[in-house]
Amino acid sequence: MKVSGILVGAGLGLRMGGDVKKPFIQINDKPVFLHTIDRFSQCSLISEIILIVGEPEINVVLDTWRDSLDAYNIKKIVPGGKRRQDSVFNGLCNVEADAEIVLIHDLVRPLVKKEHIEAVIYKTREHKAAILAAPMKATVKEVNDDLSIKRTIPRNKLWMAQTPQGFEKTLIMNVFRQFQHTGREFTDDAQMVEEAGHPVYIVPGSDENIKITTPDDIRIARALLK
């Protein structure tokens, strides 16, 4: 079972503010993206890690962190596309030819646990498509246009999607090609697979697997990574 990991971090990071993009923000003397790579490198089931960043950042990454990338055996740094799904497709086109499973993970989720990465791999091997997710704990309200509450949605069947998201390589390549020229945008890779009619299974994860999006997330990550 050969597994390729695609770590996607080519977004603009507009919600964070400041001049430094989210993957390169320092947390405990180390950029976010290296924390994430470190978590994936601990998983012996993964045979390669592909890094996706914005094209203008590729040379910066190589010049600044080449030694760290060599230590983690990162051989492929791929430029991102206009949309997240374009970036992921660029990564898919660069996975090893004999890879059987592909894991897609947000580069700015540095707190993912090794056991959860492995659990997604095993569930993917069993069902061809699986994602890490956390159960919804808050009470969720659907509202009308005027912000009056329309209904309360039962939370026992609601899960918050996370990454990694794992797919059989042939399946995810076929699905991406199916939607490549439709102009449709998807919020995550699992949604695309769902739309194509393939079942996707949940692997229960942890609330700690946060995505670095706001300054508050940085403070939480600093505390958890100590």
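**Arg109.** I began with the surroundings of Arg109 in this predicted model. Leaving aside residues up to four places away in sequence, I found that Arg109 touches Thr36, Ala161, Gln162, Thr163, Asn209, Ile210 and Lys211. I placed Arg109 in the loop between strand S4 (101-106) and helix H4 (114-127). Is Arg109 buried or exposed? Its relative accessibility is 9%, and since buried means under 20%, I entered Arg109 as buried.

**Ala129.** I next looked up Ala129, which lies in strand S5. Its relative accessibility is 0%, so I entered Ala129 as buried too. Not counting residues up to four places away in sequence, I listed Thr124, Gly166, Phe167, Leu171, Val193, Pro199, Val200 and Tyr201 as the residues that Ala129 touches. Among these is Leu171, which I meet again below as one of the buried residues of H5. I also took the distance from Ala129 to Ser148: the two are 19 residues apart along the chain, and their C-alpha atoms are separated by 37 Å.

**Helix H5.** Which residues of H5 are buried? I noted Lys169, Leu171, Ile172, Met173, Val175, Phe176 and Phe179. I then checked what covers these buried residues, and the cover includes H3, S4, strand S5 (129-135), strand S8 (159-168) and helix H6 (189-195). S5 is the strand that holds Ala129.

**H3 against H5.** I took H3, one of the elements in that cover, for a closer look. The axes of H3 (residues 84-92) and H5 (residues 169-179) come within 11 Å and cross at roughly 135°. That angle makes H3 oblique to H5. I recorded the crossing of H3 past H5 as left-handed. On the H3 side the contact is made by Gln85, Val88, Phe89 and Leu92, and on the H5 side by Ile172, Met173, Phe176 and Arg177. By class I have 6 nonpolar residues, 1 polar and 1 charged in the contact of H3 with H5. I compared this with the burial list for H5: Ile172, Met173 and Phe176 from the contact also stand among the buried residues of H5. As a reminder to myself, an α-helix has 3.6 residues a turn, so residues three or four places apart point the same way.

**H1 against H2.** I then turned to helix H1 (residues 32-41) and helix H2 (residues 58-71), whose axes lie 12 Å apart at an angle of about 30°. This makes H1 roughly parallel to H2, because angles under 35 degrees count as such. The crossing of H1 and H2 is right-handed. I found Phe33, Leu34 and Ile37 of H1 meeting Val61, Trp65, Ser68 and Leu69 of H2. The contact of H1 with H2 has 6 nonpolar residues, 1 polar and no charged ones.

**Whole chain.** I closed with the overall figures. I counted 7 helices and 9 strands in the chain. Along the principal axes, the C-alpha atoms fill a box of roughly 55 × 40 × 35 Å. How does the radius of gyration stand against that of a compact globule? I have 18 Å for the chain; a compact globule of 226 residues would have one near 17 Å, so the two agree. Buried residues make up 45% of the 226 residues. Of the contacts between residues at least 6 apart in sequence, 74% join residues at least 24 apart.

Methods: Residues numbered from 1 in each chain as written. Predicted model: local features only at pLDDT ≥ 70, side-chain atom pairs only at ≥ 80, totals over all residues. Heavy atoms only, no water. Axes fitted to C-alpha atoms, helices over the stretch in contact; angles between N-to-C directions. Helix = DSSP H or I, 4+ residues; strand = E, 2+ residues; numbered from the N terminus. Parallel < 35°, antiparallel > 145°, perpendicular 65-115°, else oblique. Left-handed = near helix turned anticlockwise from the far one by under 90°. Contact = heavy atoms within 4.5 Å. Nonpolar A, V, L, I, M, F, W, Y, C, P; charged D, E, K, R; others polar. Rg over C-alpha atoms; globule rule 2.2 N^0.38 Å. Buried < 20%, exposed > 50% of the residue type's maximum accessible area, 1.4 Å probe, protein only.
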